[in-house]
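Colleague: I should like to learn how sheets, cores and buried residues are read from a model. May we work through one case together?

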Amino acid sequence: MAEFVKVAKVTEIPPGKRKLLDVDEITVALFNVNGHYYCIEDVCTHDGGPVAEGVLDGFAIECPRHGALFDVRDGSVLSMPAAVPVPNYEVKIVGEDIYIESPNDW
Ligand code: FES
């Protein structure tokens, strides 16, 4: 069973915003898309770029290094040059607190 870690308050990440976090020595980003929260690792599978720091359009995040697109909902690849999904982590909201699946459980 996955272990969850508390990482933020819902009030810290308004809709359309994101927050970068270091969890278990892994940098991840939490996104709020229309009131739903998603979490992916901030390392592009193409060449290690800071993918979660790129432009978000709907559910698509564009890696700022070479432009690969990923879906923040599940880390899946939407366009080349990446071919492998980025890790994504389950998010749970409990009251005002946001928890993510511990990256160490991967
Ligand atoms: S490092 Fe992300 S597209 Fe190349």
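**Reading sheets and cores**

Modeller: In this predicted model, an open antiparallel sheet is built from three strands, ordered β1-β11-β10.

Colleague: Which strands are the edge strands of this sheet?

Modeller: An edge strand is recognised by pairing on one side only, and here β1 (4-9) and β10 (91-94) are the edge strands. From one strand to the next, the twist averages 30°.

Colleague: Over how many bridges do β10 and β11 pair?

Modeller: β10 and β11 are joined over four bridges in the antiparallel sense. Within this pairing, I100 in β11 is the residue opposite V91.

Colleague: In what order do the strands of the four-stranded open sheet run?

Modeller: That sheet has the order β5-β6-β7-β8, again with antiparallel pairing. β5 (56-57) and β8 (77-79) each have a single partner strand, so each is left with one side lacking a neighbour in the sheet. Strand β7 (residues 69-71) is paired with β8 in the antiparallel sense, over two bridges. There, F70 has V77 of β8 as its bridge partner.

Colleague: Let us turn to the interior. Why look for nonpolar side chains as a group?

Modeller: Nonpolar side chains tend to be buried together in soluble globular proteins, so a search for groups of them is a reasonable way to begin. In this structure, the largest nonpolar core has 15 residues, of which F31, I40, V51, I61, F70 and V72 touch the most other members. At least two residues of this core come from each of β3 (26-33) and β4 (36-41). The greatest contribution is that of β3, with three residues.

Colleague: Which residues is I40 in contact with, leaving aside its neighbours within four places in sequence?

Modeller: With those neighbours left aside, I40 is in contact with V28, A29, F31, A52, I61, V72, G75, V86, P87, N88 and Y89. A separate core of 14 residues lies apart from the largest one, and A8, V28, Y89 and I100 are among its members. Of these residues, I100 has already appeared as the one opposite V91.

Colleague: Is S102 buried or exposed?

Modeller: The criterion is relative accessible area, for which under 20% means buried. S102 has a value of 4%, and is therefore buried. In the chain, S102 belongs to the segment after β11 (97-101). Apart from its neighbours within four places in sequence, S102 is in contact with E3, F4 and D24.

Conventions:
Residues are numbered from 1 along each chain as its sequence is written. This is a predicted model: local features need pLDDT of at least 70, side-chain atom pairs count only at pLDDT 80 or more; totals for chains, interfaces and linings use all residues. Side-chain values use heavy atoms; hydrogens and water are left out. A nonpolar core is a set of buried Ala, Val, Leu, Ile, Met, Phe, Trp, Tyr and Cys residues joined through side-chain atoms within 4.5 Å. Buried means under 20% relative accessible area, exposed over 50%, partly exposed in between (1.4 Å probe, protein chains only). Contact means heavy atoms within 4.5 Å. Two strands pair if DSSP finds at least two bridges between them. Axes are lines fitted to C-alpha atoms, for helices over the stretch in contact, and angles run from 0 to 180 degrees between N-to-C directions.
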